Amino acid sequence: MKPLGKIPFAKSTICLSMLAASSSFYATAETQSDDGANEQIEKITVTSRRKEETIIEIPMQVSTISSMDIADRNLVSAEDFYRTLAGAASPRGQLILRGLSGGNTAFPDTTSVFVDDVPFTFENLNDVERVEVLRGPQGTLYGSNAIGGTVRIITKKPVLDEFEFFASTQIGSEKDVDGLHRNISMGVNIPLVDDTLALRVSGNTEHERYQMVNMNTGVQGNADRGFIRGQLLWQVDPETSVTLGYAHTTFSDTGTTTGDRSTPGYYWDYSLTANEEADYGYDVDFFKVSCPETAERPQCNAGSAPIANKGVPQKYQIWDLMDPWSDATNDLFTINIQDDNIFDIASLTYAGSHRTYEEDSIQTSWSRLDASDMFRTWIIDHRKYERVTHQLRFQNIDINSPLSWTIGAYYDEVEYGFDPNYQNQYHEKGDKVSALALNWWGADATQIGIDTFGNPQNNWNLTNIRDYTEELAFFADVAYEFDLGDSGSLEVNGGVRRFELKDGSHYTQEGIWATSEDNLSGEESGNRYKFSVSYRPTEEMSVYGLYSEGYRPGGNNGPLAASCEADPLAKNRKDRYTSDAIENYELGFKASVLDRKVDFSAAVYRIDWTDIKTSVYMDTCGFSYTANGGEAKSEGFEFESTARLTDDLTMSFNTSYTSSEITQDNESISASAGDKMTMVPEWNAYLALDQNIQLFGKDAYIRGEYSFYDEYKTHFNVRDEDKTPAYSVFNVSGRIQLSDSLKLSVFVNNLFDKETATYMRARSRNANNSAAQEYINYLNGRTISLRVDYTFF
């Protein structure tokens with residue numbers, strides 16, 4: 001850790017603020033003491049340990065946000081919440097906690113997401129009761145992939161005795177981005193049988209305009225998202241309930257959110273000379289065309305689309321022969337059963353799900369990777385799988401007993417069935433492109449397509465015969481609380497999870513790049529443990545120590561394309577990779593002080609990571625594989641706070657320091673012992689002030705937010721183009737309650753229209769590779785949004 005004298009001004013300010021303010025439990029409400037004048041922060045109840053507790057009682061770091069704050073802060077997605085958390089990084093949308101990235105990808109899958117106790121990475125926050133973020137490995141209660149932490153999204157449930165209709169409409173405009181963002185939500189709660197049966201249905205549709213514009217095709221990136229969710233609650237008796245659920249989600253997009261600031265220096269071109277004796281009737285000559293050294297790709301290749309004349313800022317200009325697109329749907333059926341009394345001993349909770357996911361998408365970057373933008377070639381992906389989960393849990397029901405326990409079982413199966421169209425590569429039709437492909441690739445792609453697939457444009461195929469993963473786990477968690485009289489209480493807690501993993505993959509590939517068949521399978525088993533001690537001198541204060549373990553499951557790599565065999569990293573590829581392991585050591589302190597006007601939470605931790613499971617990108621061929629290798633450690637502290645400074649003014653302040661580094665060389669990702677981890681800023685901070693005012697005789701609020709993110713790198717073998725600079729951003733918002741059922745809100749994000757990159761990465765380690773992009777994502781420009789919320793009871 002840097003000494004205070006070396007910390008820049010922004011970081012010094014953070015440290016001073018820590019002394020002036022005190023952890024964010026986020027959801028705040030006004031409560032009064034007997035004299036009616038003492039404004040307090042509401043006690044928040046969560047179920048992170050599969051039972052109801054206050055945050056102070058839980059011996060781990062937990063952040064939560066309520067439905068009220070979700071609306072007031074206009075958090076459309078859980079990603080918006082992640083950006084405010086201490087110790088969190090989200091460079092491209094996926095949450096990374098406590099520095100556990102482990103490689104050169106922004107999507108390491110080190111944090112798991114559950115929606116209503118079902119593993120489901122769907123983070124739309126419409127009609128959500130609360131979100132809980134649990135830091136550190138959660139391997140005993142939440143299983144695999146929870147090594148950095150777990151996100152729990154709890155949706156609003158049907159209400160048996162109240163009709164409710166609610167709707168929300170929002171439009172927004174971002175500076176220098178053409179078009180409007182739109183978000184519309186609607187829902188209804190209908191009691192069907194008094195105190196017995198109720199239905200809740202909610203839905204959302206969202207249209208987003210991307211910053212990037214393809215100057216070749218004229219396409220501005222955009223996305224449409226939507227979902228509809230229905231839940232039917234049957235209250236069998238006062239102690240037993242059954243909830244049936246269905247959710248249908250959709251996502252489609254065209255174009256990209258990622259820019260390219262590369263200066264290629266040249267591009268490849270060709271000349272064709274008619275020759276009846278030549279294959280496909282043409283002789284081909286390839287040559288380079290030079291560009292000015294400072295010319296970026298759109299200027300080098302020259303955009304010809306009409307939109308090129310509309311004044312698109314240079315930073316938002318890209319140039320590609322084709323535009324990617326994707327179209328995905330999810331159908332999720334769930335059943336939740338709750339019985340609060342089984343033989344006066346335990347409660348029973350069951351959560352089951354069946355999901356079908358299907359996605360079609362096109363990868364268009366191959367026109368550059370395989371053809372240097374001289375002709376179009378692309379890969380069409382088709383993904384379809386079914387996933388079944390079951391979780392059964394028993395817990396003691398005697399809340400007055402010093403002994404509490406939870407035991408349960410979990411089963412998860414993912415199955416990709418036979419799919420002859422898992423991946424197909426194509427190229428343009430016609431004799432000219434056939435001649436170009438033959439001379440550029442050195443193989444007759446068109447004839448291969450005719451002979452192998454009966455399609456002259458189809459030059460390669462990957463068929464999935466079967467791909468499956470299966471996890472069976474049994475878990476137990478036991479806690480005993482010792483009453484120490486006037487000295488408070490001491491809780492000792494232990495947990496264990498026994499897991500058994502099975503997986504298999506069977507693929508065939510044929511065509512221009514390779515012909516092979518891979519049929520692999522494997523099994524693993526093991527135990528993961530947790531132990532904690534928590535001392536609570538009062539109900540408003542706790543000190544805890546925690547040891548916990550986590551893991552991500554192993555699996556199999558798909559076949560290696562022949563075009564990758566010469567890549568320097570191909571030699572490290574193995575058919576199978578195994579689980580990695582995390583050990584977390586943590587000390588924490590939580591308190592609610594000054595008559596519950598100030599809540600704060602702080603923790604220090606050390607994490608040891610072995611057999612790191614990481615994605616390895618082979619930039620000479622554009623494919624990736626998964627490998628184990630190296631070790632790492634992560635150390636740091638987290639601080640979060642909420643303070644009611646006056647009856648009408650509330651402050652939240654969060655900050656963290658993360659020191660995460662490789663401790664053992666890992667050649668596959670070009671990492672050496674002592675290298676700082678990728679994707680993770682050392683410091684981050686969040687400060688918010690929320691002021692209640694009277695406006696035209698109505699309750700109104702003004703909120704200001706400041707966020708700071710330190711610099712970070714995106715690759716171990718680092719280039720300047722991999723270094724994302726530190727930045728800060730200010731947001732302001734206002735809302736007014738026009739009536740009991742109508743609320744109007746205005747949000748201004750990036751108030752000062754700060755221009756900065758939030759993610760930078762060079763695709764190739766070779767700075768002279770003219771085909772390689774220099775990827776960049778920008779902070780959204782100043783965005784002004786207007787939102788109207790309507791509720792009818």
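The radius of gyration, which is taken over C-alpha atoms, can be set beside a globule rule of 2.2 Å times the number of residues to the power 0.38.

**Figure 1. Overall view of the protein chain in this predicted model.** For a chain of 793 residues, the globule rule gives a radius of gyration near 28 Å, and because the protein chain itself has 28 Å, its value agrees with that of a compact globule. Taken along the principal axes, the box filled by the C-alpha atoms is roughly 100 × 60 × 60 Å. The secondary structure comes to 7 helices and 44 strands, and 55% of the 793 residues count as buried. The accessible surface of the protein chain is about 32900 Å², and 53% of that surface belongs to carbon and sulfur atoms.

**Figure 2. Close-up of the second largest cavity, with a volume of about 160 Å³.** Rolling a probe the size of a water molecule over the atoms shows where empty space is left. The lining of this second largest cavity is made up of 15 residues, and those that lie nearest its centre are Val115, Asp116, Arg229, Leu332 and Thr334. When the lining residues are sorted by character, they divide into 7 nonpolar, 6 polar and 2 charged.

**Figure 3. Strands that contribute to the lining of the second largest cavity.** At least two lining residues come from each of the strands β13 (220–237), β14 (240–254) and β19 (325–342). Which strand gives the most to this lining? That strand is β14, which supplies 4 residues.

**Figure 4. Close-up of Asp176, a residue with a positive phi.** Most residues other than glycine have a negative phi. Asp176, although it is not a glycine, has a positive phi of about 70 degrees, and its place in the chain is the loop that runs between β10 (164–174) and β11 (181–193). Is Asp176 buried or partly exposed? Its relative accessibility is 44%, and because partly exposed residues lie between the limits of 20% and 50%, Asp176 counts as partly exposed.

**Figure 5. Close-up of Asn750, in the loop between β41 (742–749) and β42 (757–762).** Asn750 is a residue other than glycine whose phi has a positive value, near 55 degrees. Because buried means under 20% relative accessible area, Asn750, with a relative accessible area of 3%, is buried.

Conventions: Residues numbered from 1 in each chain as written. Predicted model: local features only at pLDDT ≥ 70, side-chain atom pairs only at ≥ 80, totals over all residues. Heavy atoms only, no water. 1 Å grid on protein atoms, 1.4 Å probe; cavity = no way out; pocket = protein on both sides within 12 Å on 5 of 7 lines; lining within 4 Å. Points joined across faces, edges and corners; volume = space filled by probe spheres on them. Nonpolar A, V, L, I, M, F, W, Y, C, P; charged D, E, K, R; others polar. Buried < 20%, exposed > 50% of the residue type's maximum accessible area, 1.4 Å probe, protein only. Areas by Shrake-Rupley, 256 points an atom, 1.4 Å probe, with all protein chains shown as cover.
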